[in-house]
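Got your viewer open and ready to click around? Load the model, and let's take a walk through it one selection at a time.

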Amino acid sequence: MLDDVLASSGEARQRAFDAVREMLARHETAEEMIVRPLTRKAPDGERVAEGRMQEENRAKEVLAALEKMDVESAEFVTTFTEFRQSVLDHAQAEETQEFPLLRQNTDAEALVKARDRVMRAEEMAPTHPHPSAKTTAANYVAGPFAAMLDRARDAFSSSDK
Ligand SMILES: [Fe+2]
């Protein structure tokens, strides 16, 4: 999905960028609400969780900056190329530091439960604004990332009983 943004142009690039933001809003919100609390319980988990949260918070800032740029501009391409790498580095940090810690310190049943909750959360979260909130400018239909996160958070907490 990250590569699609760089490989496309014009409205297709805008749509690909919207799809990446949508996916990250669901995925990172699910991680923050479901995975990270388990990480924090593990020995040294507080530090590992904090490192991942800093990466995610930095990504939110970069996304907010990207949203203000013209997707066709050189500035967007340069910034998105760096952003792509930081998302991949973040995923690798989760896979090499956070997940092994979870595997060692969390019982299998709790891990399976957490996995199922993440998958459900990712599927159901309606991070799109209500249809009536659409504007005439196609670029802004998806709305800012911060609003996508809020909607994902609300949807997860109301459904996750
Ligand atoms: Fe993450």
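Start by selecting residues 10-41, which form helix H2, together with H3; this is a predicted model, and in it the two helices pack at an angle of about 165 degrees. Their axes sit 10 Å apart. Angles over 145 degrees count as roughly antiparallel, so H2 is roughly antiparallel to H3. Turn the pair around and look at how they cross: the crossing of H2 and H3 is left-handed.

Next, show the side chains where these two helices meet. On the H2 side, pick Arg-21, Glu-28, Arg-36, Thr-39, Arg-40 and Lys-41. Facing them on H3 are Gly-45, Glu-46, Val-48, Ala-49, Met-53, Glu-56 and Leu-63. Try colouring them by class: how many are nonpolar, polar and charged? You should get 4 nonpolar, 2 polar and 7 charged residues.

Now keep H3 (residues 45-67) and add helix H4, residues 74-105. Here the packing angle is about 165 degrees, and the axes are 10 Å apart. That angle makes H3 roughly antiparallel to H4. Is the crossing left-handed or right-handed? H3 passes H4 in a left-handed crossing.

Zoom in on this second contact. From H3, residues taking part include Gly-45, Val-48, Gly-51, Arg-52 and Glu-55. From H4, select among others Phe-76, Phe-80, Phe-83, His-90 and Leu-101. Colour by class again, and the contact of H3 with H4 shows 11 nonpolar, 6 polar and 4 charged residues. Notice that Gly-45 and Val-48 of H3 turn up in the contact with H4 and also in the one with H2.

Time to zoom out and show the whole protein. You'll find 6 helices and 0 strands, so to speak a run of α-α-α-α-α-α along the sequence. Of the 161 residues, 22% are buried. Among contacts with a separation of 6 or more, 73% join residues 24 or more positions apart.

Last stop: colour everything by pLDDT. The protein averages 88, and 87% of the residues score at least 70. Which helix has the highest confidence? Select residues 2-7: that's helix H1, with a mean of 98. Helix H6, residues 145-159, has the lowest of the helices, with a mean of 84. Finally, select residues 132-140, where pLDDT stays under 50. For that stretch, the model has 6 contacts beyond four places in sequence.

How values were computed
Residues are numbered from 1 along each chain as its sequence is written. This is a predicted model: local features need pLDDT of at least 70, side-chain atom pairs count only at pLDDT 80 or more; totals for chains, interfaces and linings use all residues. Axes are lines fitted to C-alpha atoms, for helices over the stretch in contact, and angles run from 0 to 180 degrees between N-to-C directions. Helices (H or I, at least four residues) and strands (E, at least two) are DSSP runs, numbered from the N terminus. Angles under 35 degrees count as roughly parallel, over 145 as roughly antiparallel, 65 to 115 as roughly perpendicular and the rest as oblique. A crossing is left-handed if the near helix is turned anticlockwise from the far one by less than a right angle, and right-handed if clockwise. Two residues are in contact if their C-beta atoms, placed from the backbone, lie within 7 Å. Ala, Val, Leu, Ile, Met, Phe, Trp, Tyr, Cys and Pro count as nonpolar, Asp, Glu, Lys and Arg as charged, and the others, Gly among them, as polar. pLDDT is the predictor's confidence in each residue, from 0 to 100. A residue is buried if 20 or more other C-beta atoms lie within 10 Å of its own, exposed if 12 or fewer, and partly exposed in between; C-beta atoms are placed from the backbone.
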